[in-house]
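User: Please explain the terms applied to this structure, setting each value against its definition.

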Amino acid sequence: MQRITLLGATGSIGVSTLDVISRHPDKYSVYALTGNLQIDRLAEQCEQHRAKYAVVNDEAAAVRLESLLQASGCATEVIYGIDALCQVASDDAVDTVMAAIVGAAGLMPTLAAVRAGKKILLANKESLVMAGGLFMQAVKESGSVLLPIDSEHNAIFQCLPVDYQQTHSSGIDKLLLSASGGPFRGWSAEQMKTVTPDQACAHPNWSMGRKISVDSASLMNKGLELIEACWLFDVGPEQIEVIVHPQSIIHSAVQYIDGSVLAQLGNPDMRTPIAHALAWPQRIDAGVASLNLFEIAQLNFERPDGQAFPCLQLAFDAARAAGDAPAILNAANEIAVQAFLDKRIGFTQIAQVVGETLSGLSFTEPESLDAVQESDNRARAFSAAFIAEIES
Ligand code: NAD
Ligand code: MG
């Protein structure tokens, strides 16, 4: 029986994870569930999955959750704050941690789980983008098993030799990173100037949280994934090729030097990578319909349009600059995406905010988590000031 802490249980990945877990009550049990704003949903999840702990961000949320749980006679214990998040991520009683908080907020609890040597199911790509060097070092030191949940990285993981993470055995020419192209594929920058948050969040193939949906529309998601892949698979950014594949059936591929290309295919449903990582190296039912290639009939591929989607190049440049450039990129993007969702800036201004922040700040090599946090703060302050300037 694997005992699981689910960081970000109320989100899109969290809900899909609980769906897979509930199909296999003989294999998995829930230890702790965490959530931020959706307290009603968290209460229902605690009742249904009999969590030992529930973690929220502050006292007011804890009081609300406690009263909901009391009313239904649920015995889940409620705790709150960042220390509580780190505690349920690193507790001795936990085997596996699903890291599915969105954004920089996921870094501390995910790292706590890594340092405690847990099996990590990593959805929170932002933590690797921000602190990849420290993160991977901690994985090595603790012997933690790190399994990617991001569909592209999970696909690449499945296409690599089983002992790749120990041996880094070569023979790899390139990683082919799939991108759907998002809702604005084929659009010009001019056409995207006036799009609304709801349009940006209407992804053609995947149903996801709002932040990653906007990132998918701007192709920043692919940029963050490029940096994520560099850390996960120990390759340079020039060894990764982004391929726009609008059907999202090939989730990514590995091209070997002998001309072989191994790809992982499936319906676009996050329960597949979640089930893969939960059961690895075994396989379990994910509740996902089997792929019908006759119905799909056709797979298409295009090069990404760097002119219309400058975020991809910004991320590539940040990956090459290394140091804290990716942390700065990530923080500026989080601020810009929130400002877009709040209708304070336009969609195409997201790239402008990130670009200005990257060129306005100098890069350093972050030697500690505090240094990463400091870079994150600097970038947030810079981009917030730039947004205020745009608005005035
Ligand atoms: P979401 O917005 O649906 O859910 C986010 C979760 O994080 C929620 O449970 C929320 O309560 C929690 N959270 C948000 N802010 C928090 C804070 N400040 N402190 C503590 N908890 C907080 O997001 P999602 O789509 O499930 O994505 C989660 C992560 O997984 C992201 O990093 C995303 O990039 C990655 N991911 C998601 C998908 C997908 O299909 N949804 C695919 C690949 C990767
Ligand atoms: Mg992805």
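**Terms and their grounds**

Analyst: Both Asp150 and Glu152 are buried. This is a predicted model, in which local features need pLDDT of at least 70, side-chain atom pairs count only at pLDDT 80 or more, and totals for chains, interfaces and linings use all residues. Residues are numbered from 1 along each chain, ligands are numbered from 1 in the order in which they are written, and side-chain values use heavy atoms, without hydrogens and water.

User: Why are Asp150 and Glu152 called buried?

Analyst: Buried means under 20% relative accessible area, computed with a 1.4 Å probe on protein chains only. Asp150 and Glu152 both fall in that class, as do 54% of the 392 residues of the protein chain.

User: What makes Asp150, Glu152 and Glu225 donors of the magnesium ion (ligand 2)?

Analyst: Donors are N, O and S atoms within 2.8 Å of the metal (3.2 Å for Na, K and Ca); water is not among the atoms, so sites may look incomplete. Asp150 (OD), Glu152 (OE) and Glu225 (OE) lie 2.1 Å from the magnesium ion (ligand 2), so they qualify under the 2.8 Å limit. Their spacing in sequence is D-x1-E-x72-E.

User: How do you know whether the radius of gyration of the protein chain agrees with a compact globule?

Analyst: The radius is taken over C-alpha atoms, and the globule rule is 2.2 Å times the number of residues to the power 0.38. For 392 residues the rule gives a value near 21 Å; the protein chain has 20 Å, and therefore agrees. Its C-alpha atoms fill a box of roughly 55 × 55 × 45 Å along the principal axes.

How values were computed:
Buried means under 20% relative accessible area, exposed over 50%, partly exposed in between (1.4 Å probe, protein chains only).
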